[in-house]
Amino acid sequence: MMRHLFVVGLALAATAFGDTIQFQSLPANTQYGTYNGFLTAAVNGVDSELVCDDYLHTTYVPSGPFTYEVSTLTGANPLQYARFVNPNDWSQSVTQYEEAAYLVLQLSQQSAPHDLTADYQYALWSLFTPSTPIQSTSAAALMSQAAAAVSTAQMDPLLYSRLRIYTPVTPYTSNQEFLGLADPSPDSPGDLASQAAPEPSTGILLCVGAAMVMASALMKKLGRRSVR
């Protein structure tokens with residue numbers, strides 16, 4: 001009994017090092033045969049909208065809770081845990097996430113009848129995974145607009161500070177990375193802002209991994225749909 005309590009305690013300690021995400025429902029847009037746009041999730045218990053920037057991995061919805069590290073574009077340790085960082089070209093990595101922030105903002109401000117949700121989604125995927133099969137010329141055009149906006153500093157300077165980058169930790173690294181925008185007001189109850197915490201030690205994460213292997217296998221057997 002004491003051993004079981006000890007393992008549970010380690011699992012709870014590990015989750016304290018990152019954000020806990022429970023994926024709730026898929027995006028409504030299924031153009032081009034993929035799920036495009038914002039999905040709903042609870043981030044540390046707060047209802048949130050996140051969008052995937054990661055074409056190569058898979059996330060089943062509904063699923064979780066999972067532990068994700070959160071990175072920002074500003075502050076003392078920008079892009080600290082972000083998945084798509086090239087250590088040999090730091091400047092380009094920053095530029096890519098700045099362009100991603102622009103695309104996420106534009107996606108969030110869309111209104112009918114001009115629905116470009118799928119094109120924004122493919123622009124985000126292609127930004128970090130150039131091999132993503134672009135389905136329309138609009139996605140390429142949106143990528144060009146984002147690059148031009150970043151290079152000419154057309155955005156509100158607060159935008160970069162709002163970007164949150166959610167990257168899964170071991171043992172959840174088969175999941176996708178997601179992006180979200182924190183509320184511009186730090187006093188708002190809906191603010192997603194959080195400080196990036198030190199990465200959990202390998203020993204602690206292995207304990208969590210052992211506890212979650214069976215749950216992960218069960219999710220896949222239940223046939224839950226993936227984000228793309």
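# Briefing: backbone outliers, aromatic pairs and a helix contact

A153 is exposed, with a relative accessible area of 63%. Its phi is positive, about 55°, although A153 is not a glycine. The model is predicted. The points below cover backbone geometry, aromatic contacts and the packing of α3 with α4.

**Positive phi**

- Most residues other than glycine have a negative phi, and most peptide bonds are trans.
- A153 sits in the loop between α4 and α5 (159–162).
- L79 also departs from the usual sign: its phi is near 55°, and L79 is a residue other than glycine.
- The loop between β5 and α2 holds L79.
- Is L79 buried or exposed? L79 is buried, because its relative accessible area is 4%, under the 20% cut-off.
- A153, in contrast, is exposed at 63% relative accessible area, where the cut-off is over 50%.

**Cis peptide bonds**

- V61 and P62 are joined by a cis peptide bond, with omega about 0°.
- P62 lies in the loop between β4 (60–61) and β5.
- T170 and P171 are joined by a cis peptide bond too, with omega about 10°.
- P171 is found in the loop between β6 (163–168) and β7 (178–181).

**Aromatic pairs**

- How many aromatic pairs are there? The count comes to ten.
- One of them is F84 with F128, a stacked pair. The ring centres are 5.0 Å apart, and the planes differ by 25°.
- Stacked requires planes under 30 degrees apart, so the 25° of F84 and F128 qualifies.
- F84 comes from the loop between β5 (63–71) and α2 (90–108), and F128 from helix α3, so the pair ties together parts that are 44 residues apart in sequence.
- Both partners are buried by their values: F84 has a relative accessible area of 17%, and F128 has 9%.
- Y122 and W125 make an edge-to-face pair, because their planes stand at 80° with the ring centres 5.1 Å apart.
- Y122 and W125 both belong to helix α3, three residues apart, about one turn of the helix.
- Y122 and W125 are both buried.

**Aromatic cluster and a charge over a ring**

- Which residues form one aromatic cluster? They are F23, F66, Y68, Y172 and F178.
- R228 lies over the face of Y55. The distance to the ring centre is 4.7 Å.

**Packing of α3 and α4**

- Two packed helices are described by the angle between their axes and the distance between the axes.
- For helix α3 (residues 117–128) and helix α4 (residues 137–151), the angle is about 60° and the axes are 8 Å apart.
- The crossing of α3 past α4 is right-handed.
- On the α3 side, the contact uses D119, Y120, Y122, A123, S126 and L127.
- On the α4 side, S138, A139, L142 and M143 take part.
- The contact residues divide into seven nonpolar, two polar and one charged.
- Y122 has two roles: Y122 meets α4 as part of the helix contact, and Y122 pairs edge-to-face with W125.

Note on methods
Residues are numbered from 1 along each chain as its sequence is written. This is a predicted model: local features need pLDDT of at least 70, side-chain atom pairs count only at pLDDT 80 or more; totals for chains, interfaces and linings use all residues. Side-chain values use heavy atoms; hydrogens and water are left out. Axes are lines fitted to C-alpha atoms, for helices over the stretch in contact, and angles run from 0 to 180 degrees between N-to-C directions. Helices (H or I, at least four residues) and strands (E, at least two) are DSSP runs, numbered from the N terminus. A crossing is left-handed if the near helix is turned anticlockwise from the far one by less than a right angle, and right-handed if clockwise. Contact means heavy atoms within 4.5 Å. Ala, Val, Leu, Ile, Met, Phe, Trp, Tyr, Cys and Pro count as nonpolar, Asp, Glu, Lys and Arg as charged, and the others, Gly among them, as polar. Rings of Phe, Tyr and Trp (its six-membered ring) pair if their centres lie within 6.5 Å; planes under 30 degrees apart count as stacked, over 60 as edge-to-face and the rest as tilted. Buried means under 20% relative accessible area, exposed over 50%, partly exposed in between (1.4 Å probe, protein chains only). A charge sits over a ring if NZ of Lys or CZ of Arg is within 6 Å of the ring centre and within 35 degrees of the ring normal.
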